[in-house]
Amino acid sequence: MTEPRDHPFVAAVKPLVDAMGGELMDPARAEPDDVVLSWEGREVLAVRLPQLSDSLDHILAALERRRGVPLAQLDRKSKQDVVRILEARGAFSVRHGVETVAGALGVSRFTVYNYLNRDSATSTRPNKTARPDSPE
């Protein structure tokens, strides 16, 4: 890169790009699908976004780092929480997403689908305690 790595703009966006699994590069190396970012009217850096499948692997690795143990070693409730987080992040819209998550969690695809169905059933079930003023 032509800009120093300690440029304030690079320092500001680097954690976000790292969290997404992207790559920072010199704007001159940018390809049509890369995102070129400017600072004070001047192109400072380009970001190459990861392929969706690479993003899922990156998200799984980040969840594992955050939890401090391999995802397969988590208890059932924690695995359900991970599936909920991944669903919110769109992990299951990626081709082979369920298989990838199942492998990381050390469970079957069927189990991942059960976790997903359990969450959707819970969220659509009426909550009788939500509105105490409603007639019974």
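Throughout this tour, a contact means heavy atoms within 4.5 Å. The model on your screen is a predicted one, so please keep that in mind at each stop.

**Start with the whole chain**

Colour by secondary structure to begin. The chain holds five helices and three strands, and along the sequence they run α-β-β-β-α-α-α-α. Of its 136 residues, 30% count as buried. Contacts can be sorted by how far apart the partners are in sequence: among those with a separation of 6 or more, 45% join residues 24 or more positions apart. As for the outside, the chain exposes about 9,000 Å², and 52% of that comes from carbon and sulfur atoms.

**Select L71**

Now show the side chain of L71. Which residues does L71 touch, not counting those up to four places away in sequence? They are L60, L63, E64, K79, V82, A104 and L105. L71 also belongs to the largest nonpolar core, which has 17 residues; L71, V82, L86 and V101 are the ones that touch the most other members. Helices α2, α3 (76-88), α4 (97-105) and α5 (109-124) each supply at least two residues of this core. Apart from it you can find another core, of eight residues, including V13, V17, L24 and V47. In soluble globular proteins, nonpolar side chains tend to be buried together.

**Step across to L60**

L60 sits in helix α2 (residues 52-67). Is L60 buried or exposed? L60 is buried, because its relative accessible area is 7% and the cut-off for buried is under 20%. Leaving aside neighbours within four places in sequence, L60 is in contact with L71, L86, T100 and A104. If you draw a distance between the C-alpha atoms of L60 and L71, you should get 8.2 Å, for two residues eleven apart along the chain.

**Follow α3**

Next, select residues 76-88, which form α3. At 1.5 Å a residue, the 13 residues of this helix should span 18 Å, and the end C-alpha atoms are 19 Å apart, so the two values agree. Show side chains here and look for S78, K79, Q80, V82, V83 and L86, which are buried. Just after α3 comes G90, with a positive phi of about 80 degrees.

**Two loop residues with positive phi**

Keep going to H96, in the loop between α3 and α4. H96 is not a glycine, yet its phi is positive, at about 65 degrees. With 45% relative accessibility, H96 counts as partly exposed.

Then jump back to E40, in the loop between β2 (35-39) and β3 (42-48). What is the phi of E40 near? The value is near 50 degrees, positive in a residue other than glycine. E40 counts as exposed because its relative accessibility is 73%, and exposed begins over 50%.

**Finish on the surface**

For the last stop, select L16, M20, V35 and L49 and switch on a surface. Together these residues make a nonpolar surface patch of about 320 Å². L16 lies in helix α1 (residues 8-20). Why does L16 count as exposed? Its relative accessible area is 54%, and the cut-off is over 50%. To close, put L16 and L60 side by side: L16 is exposed, at 54%, whereas L60 is buried, at 7%.

Note on methods
Residues are numbered from 1 along each chain as its sequence is written. This is a predicted model: local features need pLDDT of at least 70, side-chain atom pairs count only at pLDDT 80 or more; totals for chains, interfaces and linings use all residues. Side-chain values use heavy atoms; hydrogens and water are left out. Patches are made of residues with over 30% relative accessible area and no salt bridge: like charges are joined within 9 Å, nonpolar side chains (Val, Leu, Ile, Met, Phe, Trp, Tyr) within 5 Å. Accessible areas come from the Shrake-Rupley method with a 1.4 Å probe; for residues, only the protein chains shown count as cover. A salt bridge is a side-chain nitrogen of Lys or Arg within 4 Å of a carboxyl oxygen of Asp or Glu. Helices (H or I, at least four residues) and strands (E, at least two) are DSSP runs, numbered from the N terminus. Buried means under 20% relative accessible area, exposed over 50%, partly exposed in between (1.4 Å probe, protein chains only). A nonpolar core is a set of buried Ala, Val, Leu, Ile, Met, Phe, Trp, Tyr and Cys residues joined through side-chain atoms within 4.5 Å. The expected span of a helix is 1.5 Å times one less than its number of residues.
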